[in-house]
Amino acid sequence: MSKKQKRGFIIAVCVILAALLAGIFLTGSGGEEESIRQVMKDAVLHEDNRVSFLGLKDVNPADISSCVVVGVLLLLAALIRIFAIPRFKYVPGKFQLLIEELVGMFDGMAKSNSPQRNKFLGAYIFAAGTYIFVGTIFELFGLQVVTTDGLSIALPAPLSDINGAIAVGCFSYLVILSGGIAGNGFKGVGKTLKDFSLPISMSFRLFGALLSGLLVTELVYYYTALSFVLPVIVGVLFTLLHALIQSYVLTMLTALFYGEVSERAEEKPKTKKSKKLKASQADGASQAAA
């Protein structure tokens, strides 16, 4: 980099910083109508900002997000199955290669953790991982809805609601339980029920990870001094990291526990003593008695 380019870069950085400082001082304190405590509480419980679902019932915004994400995923799956898959070729294109890599990654995860029973497992962890990833990055689109109080809010991630996280965790546990029953019958039920805390840990891991990113972003947006440029970086980084990490963690745990409970227990063969061995033992006992 030449001296002129360095000088131009330094001048550009100084201009940006000066503009940010001017915006901070000119906007004042921000005039927030809600306290930071109320903002955090509503981000967790959704008691105030509720949305009408088709005019039938007032629900949490995360419920609307879940319906939108599921609808979009089902529509994309139908379009890919009808229009894209019949046109797949022996030499794959970019889109075909992307689909094959995704399917192969989850299929390989299922086979490596559950060699005996992995067809349903591969399909489930693919669906669960896709839902978690797409549902997490969904909040980046900032789709607006109107609450029952007439306020406009952005739809959050579906799993930022504790009910959605519990549903995913419990459903994954039921899938693990089904693998135990299919592999070992009632013994598999006992092996699965030993890890009774698994759905709780799965649910709260999802909820806590996604909620932490939401709360940090809300906190950054709340204070005017931090609400320039920084929320974009924080929001995008937290969202992408959580989407990747939580998708991998839940699918890996589900595949791992599914493989453990579905693996057939090896029965120890009963050793039968031969007649010669029995005879020799009898002779030894008689000689000892004599």
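In the predicted model, Phe 106 has a relative accessibility of 8% and therefore counts as buried, the limit for that class being under 20%. The structure holds 2 aromatic pairs, and Phe 106 takes part in one of them: its ring centre lies 5.5 Å from that of Phe 126, and because the two planes stand at 80°, the pair is classed as edge-to-face. The two partners come from distant parts of the chain, Phe 106 from helix α4 (residues 94-113) and Phe 126 from helix α5, with their positions 20 residues apart in the numbering. In contrast to the buried Phe 106, Phe 126 is partly exposed, with a relative accessible area of 30%.

The other pair is formed by Tyr 124 and Phe 171, whose rings are 5.7 Å apart from centre to centre and are tilted, with 40° between the planes. This pair also links distant parts of the chain, since Tyr 124 belongs to helix α5 and Phe 171 to helix α6 (residues 162-184), 47 residues apart. Tyr 124 counts as buried at 10% relative accessibility, whereas Phe 171, with a relative accessible area of 48%, is partly exposed.

Helix α5, which contributes Phe 126 to the edge-to-face pair and Tyr 124 to the tilted pair, comprises residues 119-137. At 1.5 Å a residue, the 19 residues of α5 should span 27 Å, and the distance of 28 Å between its end C-alpha atoms agrees with this expectation. The buried residues of α5 are Leu 121, Gly 122, Tyr 124, Ile 125, Ala 128, Gly 129, Tyr 131, Ile 132, Gly 135, Thr 136 and Ile 137. In an α-helix, which has 3.6 residues a turn, residues three or four places apart point the same way. Among the buried residues, Thr 136 has a relative accessibility of 1%, and a polar atom of the side chain of Thr 136 lies 2.5 Å from the backbone oxygen of Ile 132.

Helix α6, the location of Phe 171, also contains Ala 167. Ala 167 counts as partly exposed at 44% relative accessibility. The C-alpha atom of Ala 167 is separated by 9.1 Å from that of Pro 199, although the two residues are 32 residues apart along the chain.

Helix α4, in addition to Phe 106, carries both partners of a salt bridge, Lys 111 and Asp 107, which are 4 residues apart, about one turn of the helix. Side chains of opposite charge can pair when their charged atoms come close. Here the side chains of Lys 111 and Asp 107 meet at 3.2 Å, N to O, and the structure holds 1 salt bridge. Both partners are partly exposed, Lys 111 with a relative accessible area of 45% and Asp 107 with one of 28%.

On the surface, a nonpolar patch of about 850 Å² is made by Val 68, Val 72, Leu 75, Leu 76, Leu 79, Ile 82, Phe 83, Phe 141 and Leu 143. One of these residues, Leu 75, is placed in helix α3 (residues 61-84); with a relative accessible area of 53%, Leu 75 is exposed, because the class begins over 50%.

Conventions
Residues numbered from 1 in each chain as written. Predicted model: local features only at pLDDT ≥ 70, side-chain atom pairs only at ≥ 80, totals over all residues. Heavy atoms only, no water. Helix = DSSP H or I, 4+ residues; strand = E, 2+ residues; numbered from the N terminus. Buried < 20%, exposed > 50% of the residue type's maximum accessible area, 1.4 Å probe, protein only. Polar contact = N/O pair within 3.5 Å; in protein donor to acceptor, adjacent residues only side chain to side chain. Phe/Tyr/Trp six-rings, centres within 6.5 Å; stacked < 30°, edge-to-face > 60°. Expected span 1.5 Å × (residues − 1). Patch = residues over 30% accessible without salt bridge, like charges linked within 9 Å, V, L, I, M, F, W, Y side chains within 5 Å. Areas by Shrake-Rupley, 256 points an atom, 1.4 Å probe, with all protein chains shown as cover. Salt bridge = Lys/Arg side-chain N within 4 Å of Asp/Glu carboxyl O.
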